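Me: Could you walk me through the ligand site and the empty spaces here? I'd like the cut-offs as we go.
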Amino acid sequence: MQNNYGTPPLALVKGKGIVVEDSDGKLYLDFLGGIATNILGHGHPAIVKAVTSQISKLGHVSNLYAHPNAIALAQRLIVMTGDKNAKVFFCQSGAEANEAALKLSRKTGRTKIVATQGAFHGRTMGALSLTGQANKREAFLPLIKGVKHVPFGDIDAMRGAVTKKSAMVIVEPILGEAGVIVPPDDYLRGVRQICDEKGALLVIDAVQTGMGRTGDWFGYEYSGIKPDVITLAKGLGGGLPLGAMIALGKSADLFQAGEHGSTFGGNPVTTAASLAVIEFIEAKDILAKVQRQGAYLIQELAMIEGVKEVRGAGLLIGIELETFKASDVVNALRENGVLANAANESTIRLAPALIVSDSQIDKFIAIFRKVMKNAQ
Ligand SMILES: *Cc1c(COP(=O)(O)O)cnc(C)c1O
């Protein structure tokens, strides 16, 4: 394989729930969940059943034909948005979902875009143009013209950047890749108001915060706003490659037949997995559990010596360290049988599957405390 990922520290061969096993037979508590993707953990029976039954019936049809799972999933997602006029486009990844939003925004007749510094929106050329991280962009310039990046959480900077030429504004409800950065409470409401004033589409990139991760379906609901576009991927397919771009209100009818597409997008198997995920989360009242566990994690982790700040919502948590390098602590956690990742130099990110139990959370806290103590 190419060196774009560097050399991974281990190879994983098996998993059940929150526990994964490497090629040497060592077990780990998976507190990263495939980067917020294995939303129901590994080998979840509901996903296994849905996928195996669907692949044995009909695996792929292309988008020249309809099939029931994609329609059923689109209907579920529309209900979750609270806008019965919303319409869904399926793809495979977060980058593609944001590419679709970017193309959709061109149909407003405008081309300018405002995004935020530090935000991550994907690696394809269009999505990379939206991504606000210089180190990921520099080698690939020039990117799409007309994208302005303003500081995340700064409503005055946003107001100064959005004009009547802006096609769209894209924001993550919480910056995920940048280190789990939570904006001020009224930020999304302010951005919504600015977009309304200037007639720009508000695109919420819920790729990482979506599917219950933060304790509501898409990560922005607490704000009470209604976006024009929601992009999803990561947890949407419960580990299978599935992304979606949902357009609400008037933007739902911007794409005309033939204007966008994806061969695999929303195929019968990935959408079967996603339906199983949504049904499980609803049936087991997982969102309430995620809120409760997130509050507990934040409270407990903040008391550990060497921790500067704990940020996040639900089961998307960033632990900012006082002096230690996040990568050193992540390596020590791995040696002690826990997987997490360093979102930046000083922040460890946790994104365990939403099925994580209270005792597994306590086990994580105990191991983290021990690792931090040994590091002092
Ligand atoms: C991961 C991520 C993406 C990109 O998703 P891919 O599936 O890797 O293309 C986009 N936006 C956000 C917020 C993400 O966390």
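Reply: Happy to! One term before we start: helices (H or I, at least four residues) and strands (E, at least two) are DSSP runs, numbered from the N terminus. This is a predicted model, where local features need pLDDT of at least 70, side-chain atom pairs count only at pLDDT 80 or more, and totals for chains, interfaces and linings use all residues. Residues are numbered from 1 along each chain as its sequence is written, and side-chain values use heavy atoms, leaving out hydrogens and water.

Me: Great. Which element gives the largest share of the shell around the ligand?
Reply: That is helix α4 (residues 94-106), with 3 residues. A residue counts as near the ligand if one of its heavy atoms lies within 4 Å of it. The shell includes Ser93, Gly94, Ala95, Asn98, Phe120 and His121, and Glu172, Asp205, Gln208 and Lys234 are also among its residues.

Me: How does that shell divide into nonpolar, polar and charged?
Reply: There are 3 nonpolar, 6 polar and 3 charged residues around the ligand. Here Ala, Val, Leu, Ile, Met, Phe, Trp, Tyr, Cys and Pro count as nonpolar, Asp, Glu, Lys and Arg as charged, and the others, Gly among them, as polar.

Me: And what is 2.7 Å from a ligand nitrogen?
Reply: An N or O atom in the side chain of Asp205. For ligand oxygens, the distance to a side-chain N or O atom is 2.7 Å at Gln208 and 2.6 Å at Lys234. The protein covers 83% of the 380 Å² of accessible area that the ligand has on its own (Shrake-Rupley method, 1.4 Å probe).

Me: Nice. Which space does the ligand take?
Reply: The largest pocket, with a volume of about 1600 Å³. On a 1 Å grid over the protein atoms alone, a pocket is an open set of points with protein on both sides within 12 Å along at least five of seven lines, a cavity is a set where a 1.4 Å probe fits but cannot get out, and lining residues have an atom within 4 Å of a point. The pocket's lining has 48 residues, and Tyr5, Leu32, Gly34, Ile35 and Asn341 lie nearest its centre.

Me: Anything unusual to check at Ile35?
Reply: Ile35 is found in helix α1, and its phi is near 55 degrees, a positive value in a residue other than glycine.

Me: Switching topic: how many cavities of 30 Å³ or more turn up?
Reply: A search of the whole structure gives 1. The largest cavity holds about 40 Å³ of space, and its lining has 3 nonpolar, 8 polar and no charged residues. Among the lining residues are His60, His67, Phe264 and Pro268.

Me: Last one: where does Pro142 sit?
Reply: In the loop between α6 (134-137) and β6 (147-150). The peptide bond from Leu141 to Pro142 is cis, with omega near 0 degrees.

Definitions and conventions:
A polar contact is a pair of N or O atoms within 3.5 Å; within protein, one must be able to donate a hydrogen and the other to accept it, and residues adjacent in sequence count only if both atoms are side-chain atoms. A molecule sits in a cavity or pocket if more than half of its atoms lie within 2 Å of its grid points. Grid points are joined across faces, edges and corners, and a volume is the space filled by probe spheres set on the points.
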